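Welcome, and thanks for taking a look at this one with us. Below is a short tour of a ligand site, the domains around it and a few backbone details worth a glance.

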Amino acid sequence: MEHKIGDVPATSFVTLYCHAIESRSEHPILHDPKAEEITAELNRTLSRSEDPLDRRLASGRIDRNLVIHIAIRAKKYDEYARDFLAMHPGGVIVNIGCGLDSRFLRIDEGTVFFYDLDLPEIIDLKRRFFRETERYHFIASSVLDFRWMRMLLGLEGPFLFMAEGVFMYLEGERVRSLVLQLRETFPGSELICEVVNSFWLKKPLKTLIDWKMHERGHLGREAVFQSGIRDGREMEQWHPGIRFLGEWSYFDSDEEKLGWLRVFRYIGWVRKTQWTVRYFLG
Ligand SMILES: C[S@@+](CC[C@H](N)C(=O)[O-])C[C@H]1O[C@@H](n2cnc3c(N)ncnc32)[C@H](O)[C@@H]1O
């Protein structure tokens, strides 16, 4: 890499390495050969980096629970994508804040139109490992610069917008404007996004979250959670056309590797610390 990647975009390296590590493990939750290939290539640079996170990733020292959570999440979002395509062959999926993830390769069933959107510094890097095709495209833009939506205006849809591990890094007012703009530009679309419980974003709990991310997770100082919601229905208040369709937490997963952590599915405030919500944007 020619220049240092920012702290927030660098979080995509963590999820990429989680995919690769899990993919290489016995009975993997997620089969992701592309992540294995990319990390093998990145290791050569990251192992010599001055950044402790880079070196830690290259040496494969990532918290096992984090690897399992991220793999379970990616698998679930793959399932969401497949379910959408089963209902809407030829539909359009926009992977907001895609990072270096290879969802298109994992779920392509021959008809989907898939758009990977991320900041230009990540898309530049992504181009080294993936090729755009007639049905697979990159959008190098902040999701908050709404001009990117124009690229999709000629498409028939229907549209599914996915944001896996992204919205919490954005300011709350900006997430709200984004969701409202998606609704206005693509009425009838679906949004699936991961959210953090805003309960955890007030001091003193926020101090604990920051400590976990920086000291235990080794993320850069600028990678901080900025926003969340209190309840899955909260976004319904933003516009009468927004309809809550359901929610999912890692702890709901029946993956054996989750082990005893599955008990958290019965403890509401833990189950919904960081979880996924689905909406119809009408
Ligand atoms: C934790 S990573 C998740 C990557 C991927 N979704 C995954 O699960 O593997 C967060 C991603 O959000 C992207 N991101 C953060 N702010 C963004 C913005 N304003 N516009 C577009 N992407 C953004 C980062 O660059 C990064 O790739």
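## The shell around the ligand

Sorted by class, the residues that surround the ligand are nine nonpolar, eight polar and three charged. Please keep in mind as you read that this is a predicted model. The shell counts 20 residues in total, and those that come nearest to the ligand are T15, G97, D118, V143 and E164.

Which element gives the largest share of the shell? That is α1, with five residues. Both α1 (7-24) and β2 (113-118) supply at least two shell residues each. Seen by domain, the shell takes at least three residues from domain 1 (7-65) and at least three from domain 2 (76-195 + 230-281).

## Polar contacts and cover

Two of the nearest residues also meet the ligand through their backbones. A polar backbone atom of G97 sits 2.8 Å from a ligand nitrogen, and a backbone N or O atom of E164 is 2.9 Å from a nitrogen atom of the ligand. From R73, by contrast, it is the side chain that takes part: one of its N or O atoms is 3.2 Å from an oxygen atom of the ligand.

How much of the ligand's accessible area does the protein cover? On its own the ligand has 600 Å² of accessible area, and the protein covers 96% of this.

## How the two domains meet

The chain is divided into domain 1, residues 7-65, and domain 2, which is made of two segments, 76-195 and 230-281. Taken over C-alpha atoms, the domain centres are 22 Å apart. Across the boundary, 23 residues of domain 1 are in contact with 18 residues of domain 2.

A common way to express the size of an interface is the accessible area lost when the parts come together. Here, the area buried between domain 1 and domain 2 is about 1,500 Å², with carbon and sulfur atoms giving 69% of it. On the domain 1 side, P9, I29 and K34 supply 30% of the area buried against domain 2, more than any other three residues.

## Backbone details to check

Two cis peptide bonds deserve a look in your viewer. One runs from G157 to P158, with omega near -5 degrees; P158 belongs to the loop that links β3 (136-140) and β4 (159-163). Another joins K203 to P204, with omega near 5 degrees, and P204 lies in the loop between β5 (189-196) and α8 (205-216).

There is also a point of interest in phi. H27 is not a glycine, yet its phi is positive, at about 45 degrees. You will find H27 in the loop between α1 and α2 (33-46); α1 is also the element that gives the ligand shell its largest share of residues.

Definitions and conventions:
Residues are numbered from 1 along each chain as its sequence is written. This is a predicted model: local features need pLDDT of at least 70, side-chain atom pairs count only at pLDDT 80 or more; totals for chains, interfaces and linings use all residues. Side-chain values use heavy atoms; hydrogens and water are left out. A residue is near a molecule or strand if one of its heavy atoms lies within 4 Å of it. A polar contact is a pair of N or O atoms within 3.5 Å; within protein, one must be able to donate a hydrogen and the other to accept it, and residues adjacent in sequence count only if both atoms are side-chain atoms. Accessible areas come from the Shrake-Rupley method with a 1.4 Å probe; for residues, only the protein chains shown count as cover. Helices (H or I, at least four residues) and strands (E, at least two) are DSSP runs, numbered from the N terminus. Ala, Val, Leu, Ile, Met, Phe, Trp, Tyr, Cys and Pro count as nonpolar, Asp, Glu, Lys and Arg as charged, and the others, Gly among them, as polar. Domain bounds come from an automatic or database domain assignment. Contact means heavy atoms within 4.5 Å. Buried area is the accessible area (1.4 Å probe) that two parts lose on being put together, summed over both.
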